[in-house]
Amino acid sequence: GYYMSTDEFVGADFVGSGAFAFDRAKMLVGNPTASYIYFSLASANFPNRLGNLLPADLDGLNPPPANAPNIFVGYSATEYGDAQDAMRLFEFRADFANPLNSTFTERADSPLSVPAFDPTSPPERNDILQPPPGEALDSQSDRLMYRVAYRNFGTHESLVFNQTVRITPASEPYRAGVRLYELRKMNGVFSVNEAATINGNGDGVNRWLGTAAQDHQGNLAVGYTYGNEQKKPSIYYTGKLSTEPSGTFRDEAALIEGTGVQ
């Protein structure tokens, strides 16, 4: 299938999430009977948005194991009234021949506890300051960032993704960092292999709107927006080799230096 998620509203009121699977085989040949399967995840059952549920997206040449479901990832956070800071994993099993046989269920190994993080940001969308005359920017900190990159390494399966987190106390000016995750599935069970925050060690710069992925050797790269009151929004990146310890990243470097402000 091709998989998609939605945040759903009635007017300005959040009412839940949606999970979709589209019939890839029929779509690829232009079959007009191509259909989709949809699950409504009402806010009455998932009141905290699940951190913007995202489907896994395939990288590499190795497909998932035969008949494997697609994984959708969300999160829980104590700041939103949840019991713990954790990642939540759901399985979407789409049956296009018999749609009523399709299921969307949380995995038995979910939620996965992770080091504490704070997904909150200042009210409204005025989070991150730019040099004058720039307006304040939205950190988008309430949701996981696109993509959830999946790879099948043969010895294990891997999911890599990130989110923006608050790295300063609420009593201090807001600063954002990038929390990066790698979840590994071995012997049928997911565990947390990487959960590190790229925060500049208190240098006063915001890092947000990240994206991350691995190559076929498991080397990991992450790019993100970089800026503050003195620094025009730019694109920076860092990474680590698969042989390097968890939580250890290379010195960051500029990919594109910003030339203006919004």
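These are my notebook entries on what I looked up in this structure, which is a predicted model.

**Entry 1: the largest pocket**

I began with empty space. Rolling a probe the size of a water molecule over the atoms shows where such space is left. The largest pocket came out with a volume of about 570 Å³. I then listed its lining and found 22 residues. Those nearest the centre are Tyr-3, Ala-56, Leu-58, Pro-64 and Asn-70.

Which elements give two or more residues to this lining? I noted strand E4 (54-58), strand E5 (70-76), strand E9 (144-152) and strand E10 (157-166). E4 gives the most, with 5 residues.

I also sorted the lining of the largest pocket by class. I wrote down 16 nonpolar, 2 polar and 4 charged residues.

**Entry 2: aromatic rings**

Tyr-3 had turned up by the pocket centre, and I met Tyr-3 again among the rings. A pair of aromatic rings is described by the distance of the centres and the angle of the planes. The structure holds 17 aromatic pairs, and I picked one to look at. The ring centres of Tyr-3 and Phe-72 are 6.2 Å apart, and their planes stand at 80°, so I filed the pair as edge-to-face. For that step I needed the cut-off: planes over 60 degrees apart count as edge-to-face.

Where in the chain do Tyr-3 and Phe-72 sit? Tyr-3 belongs to strand E1 (residues 2-10) and Phe-72 to strand E5. They are 69 residues apart, so this pair links distant parts of the chain.

Next I checked how covered each partner is. Tyr-3 has a relative accessible area of 26%, which makes this residue partly exposed. Phe-72 is at 0% and counts as buried; the cut-off for buried is under 20%.

I followed the ring pairs further and came to a cluster. Its members are Tyr-3, Phe-39, Phe-72, Phe-90, Phe-92 and Phe-104.

**Entry 3: two open sheets**

A reminder to myself: strands of a sheet pair through backbone hydrogen bonds, either parallel or antiparallel.

One open sheet has 3 strands in the order E1-E2-E3, paired antiparallel. E1 and strand E3 (36-42) each have a single partner strand, so they stand at the edges with one side left without a neighbour in the sheet. From one strand to the next, the twist averages 20°. Strand E2 (residues 13-22) pairs with E3 over 7 bridges. As an example to find on screen, I marked Gly-18, whose bridge partner in E3 is Ser-40.

Another open sheet has 4 strands, ordered E13-E14-E15-E16, again with antiparallel pairing. Which strands stand at its edges? They are strand E13 (206-214) and strand E16 (253-256), each with one side free because each has a single partner strand. Here the twist averages 30° from one strand to the next. Strand E15 (residues 234-240) is joined to E16 by 3 bridges, and Ile-235 stands opposite Ile-256 in E16.

**Entry 4: strand E11 and its partners**

Is E11 mostly covered or mostly open? I found it mostly covered, with 9 of its 11 residues buried. E10 and E11 run antiparallel and are joined by 10 bridges; Val-160 stands opposite Glu-182 in E11. E11 and E12 also run antiparallel, with 9 bridges between them. There I marked Leu-183, opposite Val-192 in E12.

E11 and E12 form a hairpin with 2 residues between them. Asn-187 is in the turn, and at 80% relative accessibility Asn-187 counts as exposed.

**Entry 5: unusual backbone angles**

Most residues other than glycine have a negative phi, and most peptide bonds are trans. I went looking for exceptions.

Asn-187, from the hairpin turn, has a positive phi of about 55°. Glu-124 has a positive phi too, near 60°. I traced Glu-124 to the loop between E8 and E9, where it counts as exposed at 70% relative accessibility.

Then came the peptide bonds. Pro-132 and Pro-133 are joined by a cis bond with omega of about 5°. Pro-133 is in the loop between strand E8 (112-113) and E9. The bond from Tyr-146 to Arg-147 is also cis, and its omega is near 10°. Arg-147 lies in strand E9, one of the strands I had noted for the lining of the largest pocket.

Definitions and conventions. Residues are numbered from 1 along each chain as its sequence is written. This is a predicted model: local features need pLDDT of at least 70, side-chain atom pairs count only at pLDDT 80 or more; totals for chains, interfaces and linings use all residues. Side-chain values use heavy atoms; hydrogens and water are left out. On a 1 Å grid over the protein atoms alone, a cavity is a set of points where a 1.4 Å probe fits but cannot get out, and a pocket is an open set with protein on both sides within 12 Å along at least five of seven lines; lining residues have an atom within 4 Å of a point. Grid points are joined across faces, edges and corners, and a volume is the space filled by probe spheres set on the points. Ala, Val, Leu, Ile, Met, Phe, Trp, Tyr, Cys and Pro count as nonpolar, Asp, Glu, Lys and Arg as charged, and the others, Gly among them, as polar. Rings of Phe, Tyr and Trp (its six-membered ring) pair if their centres lie within 6.5 Å; planes under 30 degrees apart count as stacked, over 60 as edge-to-face and the rest as tilted. Buried means under 20% relative accessible area, exposed over 50%, partly exposed in between (1.4 Å probe, protein chains only). Two strands pair if DSSP finds at least two bridges between them. Axes are lines fitted to C-alpha atoms, for helices over the stretch in contact, and angles run from 0 to 180 degrees between N-to-C directions.
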